[in-house]
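The following exercises are to be worked with the sequence and the three-dimensional model at hand. Each task is followed by a solution in steps.

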Amino acid sequence: MDLGEFQIPGNSDPNQKTSHLSLDIGGSLIKLVYFSTNDGDDDDELGRLGKESVGVSNGNRSFPVLKGRLHFSKFETCKINDCLDFIQTKQLHIGGCQRLGALPIEKTIIKATGGGAYKYADLFKEKLGICLDKEDEMDCLVAGANFLLKAVHQEAFTYLDGKKEFVQIDHNDLYPYLLVNIGSGVSMIKVEGDGKFERVSGTNVGGGTFWGLGRLLTKCKSFDELLQISHQGNNRVIDMLVGDIYGGTDYSKVGLSSTTIASSFGKTISDKKELQDYRPEDIARSLLRMISNNIGQIAYLNALRFGLKRIFFGGFFIRGHAYTMDTIAVAVDFWSKGEAKAMFLRHEGFLGALGAFMSYEKHGLDDSMIHHLTQKFPMSSLVGDKICSPLNGELNDNESIECSVYAS
Ligand SMILES: Nc1ncnc2c1ncn2[C@@H]1O[C@H](COP(=O)(O)OP(=O)(O)O)[C@@H](O)[C@H]1O
Ligand SMILES: CC(C)(COP(=O)(O)O)[C@@H](O)C(=O)NCCC(=O)O
């Protein structure tokens, strides 16, 4: 197949052909997912395979396979202009659903989800001349999670006692599960199948609360700084423990050890200290623990409500952060007496954007749309029929995963 057929005009890198951008514009962050082939990189197996793409048949039509990478990027929503510049510079919007010459630029449609797809629709139209085609946020979260859990190797993992263990997902035994998306706020969704779900709960104490309160209390300038200083903190300076109340002993009759937090931030009421007398590190640590523990507990209660044993946590609040995951996992384990399991996702913050990306297939807006995001991968990374992610650790900013799409 001649990939030139799909070349996107005006791309800043002449070798890189980018297409199919999707957006998730949340309360705190804008997430972008886009697909590119790169057939200028001959030493790269992926580039080579891109050139050797073959057609696949679907009924009486044949769809060419495009091999390339899915890219992930994010921007703070309050810096939306940086995001618009990024899209403009990389010409990501051109080719969203158009083939060379197929549609005039003003007809470019980009799939978008999250509240910002409504709030910023006019801005995207005005600055980039594109229409945001809105997809429901919950639909996208679920579609993204189901895709990742079924197609991406080493996507889900448990985190206990400082140890990360990847979970082998059996496609035939995935449902039901509880999806807890910790973004600015928190949504809890009971998932029973593809497109079969119900948002059963939520809480307004989420990632926005951590970052907002943390910023006010510590004067940190960024979310990363707040997370960073929490490493050096000691929450016992701020939190009131059971032992503080019980004179150093456990309250064993009800199963509370002396080190259990009895009251988050409770110690600060008895000290004759002001905010400036506390170390920002300790405040950050207590805050992170308070919010993570609370979400873990509410998640468990909802899992209990519906008899769900598996809880997957997504959203950018987590950021692959050890203390956050440990606190959530311990809360789920503690409250469920080991019955329920907390699991985390490597592409934690990109569920919605991935779901929006997949919705190109669902709607089949025109003939140049993606029809399938395949589970086929370059030989070196093919394991069964799963995507084999190159990294085992945390997902870095701007990391990409290899994939194939069918185009028609
Ligand atoms: N660089 C960052 N800037 C701001 N918040 C961040 C950052 N990285 C992680 N976060 C956390 O992630 C949350 C947003 O998560 P996300 O899943 O993107 O939700 P939303 O869709 O509401 O933006 C923030 O409220 C904050 O707790
Ligand atoms: C309104 C939202 C779905 C928006 O999603 P977000 O941008 O936070 O990812 C989410 O913030 C939420 O579920 N808030 C909790 C509302 C509640 O159930 O109390």
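**Exercises on a predicted model**

Just after α9, G307 takes a positive phi of about 65°. The model is a predicted one, and its chain comprises 11 helices and 19 strands. Of the 408 residues in the chain, 43% are buried.

**Exercise 1.** Compare the span of helix α9 with the expected span at 1.5 Å a residue.

*Solution.*
- Step 1. Helix α9 covers residues 280-306 and has 27 residues.
- Step 2. The expected span is 1.5 Å times one less than the number of residues, which is given as 39 Å for α9.
- Step 3. From its first C-alpha to its last, α9 reaches 39 Å, close to the expected value.

**Exercise 2.** Determine where the largest nonpolar core lies with respect to domain 1 and domain 2.

*Solution.*
- Step 1. The largest nonpolar core has 84 residues, of which L179, V180 and I311 touch the most other members.
- Step 2. Helix α9 supplies the largest share of this core, 10 residues.
- Step 3. Because domain 1 (3-138 + 349-407) and domain 2 (156-233 + 280-345) both give residues to this core, the core lies between them.
- Step 4. For one core member, leave aside neighbours within four places in sequence: I311 is then in contact with residues including Y177, L178, V180, A299, A303 and V332.

**Exercise 3.** Describe the shell around ligand 1 by its nearest residues, its main contributing element and its residue classes.

*Solution.*
- Step 1. The shell has 18 residues, and G26, G183, S184, G207 and F316 come nearest to ligand 1.
- Step 2. Helix α6 (residues 207-218) gives the most to this shell, with 4 residues.
- Step 3. By class, the shell around ligand 1 holds 6 nonpolar, 10 polar and 2 charged residues.
- Step 4. Domain 1 and domain 2 each provide at least three residues of this shell.

**Exercise 4.** Which residues come nearest to ligand 2, and how do the residues of its shell divide into nonpolar, polar and charged?

*Solution.*
- Step 1. Among the 13 residues around ligand 2, the nearest are G26, G183, S184, G185 and G202.
- Step 2. Two elements, β11 (186-193) and β12 (196-203), give two or more residues to this shell.
- Step 3. The division for ligand 2 is 1 nonpolar, 11 polar and 1 charged.
- Step 4. At least three residues of the shell around ligand 2 come from each of domain 1 and domain 2.

How values were computed. Residues numbered from 1 in each chain as written. Chains lettered and ligands numbered in written order. Predicted model: local features only at pLDDT ≥ 70, side-chain atom pairs only at ≥ 80, totals over all residues. Near = placed C-beta within 6 Å. Nonpolar A, V, L, I, M, F, W, Y, C, P; charged D, E, K, R; others polar. Domains from an automatic or database assignment. Core = buried A, V, L, I, M, F, W, Y, C linked by C-beta atoms within 7 Å. Buried ≥ 20, exposed ≤ 12 C-beta atoms within 10 Å, placed from the backbone. Contact = placed C-beta atoms within 7 Å.
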